[in-house]
Amino acid sequence: MAPYVPQSKQVRTAEYALLDRTFDDLFPICRSITGVGLERSLKYFQTLMPLQIETVPSGTQVFDWTVPPSWLFKRARLWGPDGTLICDTEIQNLHVVNYSEPVDMDIEFEQLIEHLHTIADLPTAIPYVTSYYNKTWGFCLAFDEFKKLKAGTYKVLIESTFDNNGGVPFAQGVLSGESDKEILLTSYLCHPSMANNELSGPLVLLGLFNRIKNWPKRRFSYRFVLNPETIGSLCFLYKYHEHLKVNLEAGLILTCLGGPNEKMRYKASKRKNTLFDKLLDMECPNKWVTIPFSPLNGSDERQYCAPGFNLPMGQVSRTSYGNYSGYHNSLDDKEFMDINAVIASIDEIESLLIKAEYGGKVTNLCPFGEPQLGKRGLYPNLNSHLSNQKSSDSMLDGREELNAILTILSEADGTKDMADIALAMDMSLFELTSIINKLESHGLIEFNKE
C-alpha cells in the first residue's frame, strides 16, 4: 500500500460536486432522534453507501435508557394577535422545539412567553432547542423578532404525534479488509438544518467511504455507522458491543468538520493508548491539536468510552462544538461551513487512516534467527570496510534502512504494534512505509489478521 497521494483535479471536482449536492438535499430536512426526517436522511445515504438500516423498537430498555416513541412531526406555526405568521417550520424548521407535543390552542402572551426561546446576545439567530424525554412544546425565534411581540392572544398549532410502535434507527456498512480487526468511523444524523454541527460529519464519513473503497488494499476492515446522537449510539452498542469488544482496533467519532479552523482537533480515547492516540502523538503534531478525553462535553465518544465498554474510540473535529457563535443555532449554515473545509478534513483523516494501516501488530515470518537478507537484496553481499555504511550492495545510506529492517524483524513478535516499534526507533510510520512494504513483498513480515 502506497503512502497518501493527493487526488487528481478531476476526481476532486467530482467529490466536491457530490458533497455539495448531498448537503443541499439534506439541509432542509427536519430531523430528530426518531421519525420520518431521520429515516429519510438515512435512506438518502443508503443510495450513496451500502448501508443496512436497523431499528431498535420504542419501549426497549437499552442499558439505563428507554427507547422513546417516534416523533411524527408535520408542521408548527405561531400567529400573532393580528394574524401575522411569526413562526413556521415550512420556512425554518428550527422554529419548533424538537419533539414538541401536539398543540392547537389560543394562548395569551403572558402564558406563551414561557414556551418561547431566543438568544439575547445573538439577536438574529434562531436557537436549536430539544426536549426528547420530557413532554412539552415551544417555539424558537430570533431575539430581534421576539422584541417585536406584544400583549394579546396568539394562535398556536403544532401538528405532531407520538408513535409507540416506532423506534430509533441507525445505519451501518462494512468495507472488508485482510483482517477481521476493524476501524470504526461514525457520525450522528439527527439535527435539523445545521451545517457544521450536523452535516459535516456525515459528509466526511461519505467522503472517507469513497476514498477507502478505492485503496489498493485494506489491512483493517472499516465499519461506517450513522446514528442519532446519544440514544442512537447506545442502540448500536446495545446490539453490537460484544462484537466491538473482540474486533475493534480503534475508531473515530466525526463531528464539526466543516468550519474555518486550520488545525484538526483530536479528542483522545479514555484508554489513552489506542492506535490513533499513538499516531496523533507521533505523526501529526503540526496539523493537529490533541486534547484529553473528558465526559463533560462532546459527542458519542462519551458512550463508547463509558466504563462498561471503554472502547478504543477518539473524536475528530475541526471547528468544534461550543467554540463558534453559530453552535446550535441558525447561524450554522452553508456560508459558515465550507465544502472545501469538509474535503480538507477528509484529506487529513484519510492520511491518518493510511498511517494506521501501518500501525497494527506485526509478525516476523522468519523468526528463527535472522533471515538471509542478502539474497533478497536487503543486505550487503560484500563484507568489507567499504560496506559498513551500506544497507545493500547498491544503497549507501549509513545503514539507515538496514538498521530499520533489523530492528523491525527483531521486534515483530506478533504482540507489538508497528506504531510502538516506530516510536522506539524515534521514526515516524511515514518514514517506515517503504521499508515495511519491502519486508512484506519479500514475505518477511505480515500484519496480524486477528
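# Close-up views of a predicted model

**View 1. Cysteine 256 lies in the loop that runs between β13 (248–254) and β14 (264–267).** The model shown here and in the other views is a predicted one. Although cysteine 256 is not a glycine, its phi is positive, at about 50 degrees. Cysteine 256 has a relative accessible area of 1%, and because buried means under 20% relative accessible area, cysteine 256 counts as buried.

**View 2. Histidine 328, in the loop between β16 and α9, also has a positive phi.** The phi of histidine 328 is about 55 degrees, although this residue is not a glycine. Its relative accessibility is 24%, and histidine 328 therefore counts as partly exposed, whereas cysteine 256 of the preceding view is buried.

**View 3. The protein chain as a whole gives the setting for the close-ups.** The chain contains 12 helices and 21 strands, and its C-alpha trace spans about 100 × 40 × 35 Å along the principal axes. Of its 450 residues, 55% count as buried. Among the contacts in the chain with a separation of 6 or more, 78% are accounted for by residues 24 or more positions apart.

**View 4. Phenylalanine 63 and phenylalanine 309 form an edge-to-face pair.** The structure holds 20 aromatic pairs, and in this one the ring centres are 5.3 Å apart while the planes stand at 75 degrees, which is why the pair is described as edge-to-face. Phenylalanine 63 is in the loop between β2 (61–62) and β3 (65–66), and phenylalanine 309 is in the loop between α8 (301–304) and β16 (313–317), so the two rings tie together parts that are 246 residues apart in sequence. The two partners are set in unlike surroundings: phenylalanine 63 is partly exposed, at a relative accessible area of 35%, whereas phenylalanine 309 is buried, at 15%.

**View 5. Tyrosine 99 and phenylalanine 162 form a tilted aromatic pair.** Their rings are 5.8 Å apart from centre to centre, with 50 degrees between the planes. Tyrosine 99 belongs to the loop between β5 (85–88) and β6 (103–108), while phenylalanine 162 belongs to strand β9 (residues 153–163), so this pair ties together parts that are 63 residues apart in sequence. Tyrosine 99 counts as buried, with a relative accessibility of 2%, and phenylalanine 162 is partly exposed, with a relative accessible area of 22%. Both residues belong to a cluster in which ring pairs also link Trp65, Trp71, Phe73, Tyr132 and Tyr133. Lysine 135 lies over the face of phenylalanine 162, at 4.2 Å from the ring centre.

**View 6. Arginine 219 lies over the face of tyrosine 358.** Here arginine 219 is found at 4.5 Å from the centre of the ring.

**View 7. Phenylalanine 63 is in contact with residues from other parts of the chain.** When its neighbours within four places in sequence are left aside, phenylalanine 63 is in contact with Leu234, Leu237, Tyr238, His241 and Phe309. The C-alpha atom of phenylalanine 63 is separated by 9.0 Å from that of cysteine 235, although the two residues are 172 residues apart along the chain.

**View 8. Helix α7 (residues 275–282) packs against helix α9 (residues 339–357).** The angle between these helices is about 110 degrees, and their axes are 10 Å apart; α7 and α9 are therefore roughly perpendicular to each other. The crossing in which α7 passes α9 is right-handed. From α7, Leu275, Phe276, Leu279 and Leu280 take part, and they meet Leu352, Leu353, Lys355 and Ala356 in α9.

**View 9. Helix α1 (residues 9–26) packs against helix α5 (residues 195–212).** These two helices meet at an angle of about 140 degrees, with 10 Å between their axes, which makes α1 oblique to α5. Their crossing is right-handed. On the side of α1 the contact is made by Arg12, Glu15, Leu18, Leu19, Thr22, Phe23 and Leu26, and on the side of α5 by Ala195, Leu199, Leu203, Leu206, Gly207, Asn210 and Arg211.

Conventions. Residues are numbered from 1 along each chain as its sequence is written. This is a predicted model: local features need pLDDT of at least 70, side-chain atom pairs count only at pLDDT 80 or more; totals for chains, interfaces and linings use all residues. Side-chain values use heavy atoms; hydrogens and water are left out. Rings of Phe, Tyr and Trp (its six-membered ring) pair if their centres lie within 6.5 Å; planes under 30 degrees apart count as stacked, over 60 as edge-to-face and the rest as tilted. Helices (H or I, at least four residues) and strands (E, at least two) are DSSP runs, numbered from the N terminus. Buried means under 20% relative accessible area, exposed over 50%, partly exposed in between (1.4 Å probe, protein chains only). A charge sits over a ring if NZ of Lys or CZ of Arg is within 6 Å of the ring centre and within 35 degrees of the ring normal. Axes are lines fitted to C-alpha atoms, for helices over the stretch in contact, and angles run from 0 to 180 degrees between N-to-C directions. Angles under 35 degrees count as roughly parallel, over 145 as roughly antiparallel, 65 to 115 as roughly perpendicular and the rest as oblique. A crossing is left-handed if the near helix is turned anticlockwise from the far one by less than a right angle, and right-handed if clockwise. Contact means heavy atoms within 4.5 Å.
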